[in-house]
Amino acid sequence: MRETQYPLYCAKAKSILLSTFTLIITLVLVSSLLSCSKGKKKADLTDYELFTFGEKDMSKEHYEKARESFKRIVEEHPDSELRKEALLRLAESYYNNEEYEEAKLEFTKFLEMFPASSLSARAQYYLGMSSFLQIRSPERDQRPTKQALKEFEKVIEKYPGSDYAKRAQEKI
């Protein structure tokens, strides 16, 4: 009796092993295909698609996610016509998230890279606002006050006819 059960047992065991092996292989293949397609999709995004995603994240106040998109444009699409605006939006993502020191660095970088851009007045103004919003009470350190005044004066001097020059004058 035992001899007749043994081949049946072996056949069942082989069947279970084969099913398990097939399931594992299938899961590995499916997960690798999903990760490849997901990674490939992200890598293949155009500068316009990245900018759209960044703007969408900015409007939802997801500033870190927006920064990722804007940084990718700056780094991966150096010849893009959106590069300038992406760099400015990167700075604004820090500003909107109240990370003023990082915002100042990015606004300064923008102004160094694109001093004659039509967006420079905006960058200069928000560079001043990044210091302005760090102003504390009169008995505290007044470096942010002095820095904000300096940046607002630059807006008025360099971009006298702009809307930002009027705003800067009001802040002074």
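Which side chain does D163 meet in a salt bridge? In this predicted model, the partner of D163 is R167, with N and O 3.3 Å apart.

## A pair within helix α8

D163 and R167 both belong to helix α8, which spans residues 163-171, and because they are 4 residues apart there, about one helical turn separates them. Neither end of this bridge is buried: D163 is partly exposed at 43% relative accessibility, and R167 is likewise partly exposed, with a relative accessible area of 30%.

## Salt bridges across the structure

The whole structure holds 9 salt bridges when searched in full, and some of these share partners, so that E55, R89, E92 and R122 are joined into one network. Within that network, the side chains of R122 and E92 come together with an N to O distance of 2.8 Å. This pair links distant parts of the chain, since R122 lies in helix α6 (residues 120-132) and E92 in helix α4 (residues 83-96), with their positions 30 residues apart in sequence.

Both partners of this link are buried, a term that applies under 20% relative accessible area: R122 has a relative accessibility of 17%, while E92 has a relative accessibility of 6%.

## A pair within helix α5

Another salt bridge joins E106 to K109, whose closest N and O atoms are 3.6 Å apart. Both residues sit in helix α5, covering residues 100-113, where a separation of 3 residues amounts to about one turn of the helix. The two ends of this bridge fall into separate classes of accessibility, for E106 counts as buried at 12%, whereas K109 counts as partly exposed at 37%.

## The nonpolar core

In soluble globular proteins, nonpolar side chains tend to be buried together. In this model, the largest nonpolar core contains 37 residues, and those with the most contacts inside it are F70, Y95, F107, F110, Y125 and Y126. At least two residues of this core are supplied by each of α2 (47-59), α3 (63-76), α4, α5, α6, α7 (143-158) and α8. The largest share, 7 residues, is contributed by α4.

## The surroundings of F70

F70, one of the core residues with the most contacts inside it, can be followed a little further. When its neighbours within four places in sequence are left aside, F70 is in contact with F51, G54, E55, M58, A86, R89 and L90. Two of these contacts, E55 and R89, are also members of the salt-bridge network that includes E92 and R122.

Conventions. Residues numbered from 1 in each chain as written. Predicted model: local features only at pLDDT ≥ 70, side-chain atom pairs only at ≥ 80, totals over all residues. Heavy atoms only, no water. Salt bridge = Lys/Arg side-chain N within 4 Å of Asp/Glu carboxyl O. Buried < 20%, exposed > 50% of the residue type's maximum accessible area, 1.4 Å probe, protein only. Core = buried A, V, L, I, M, F, W, Y, C linked by side-chain atoms within 4.5 Å. Contact = heavy atoms within 4.5 Å.
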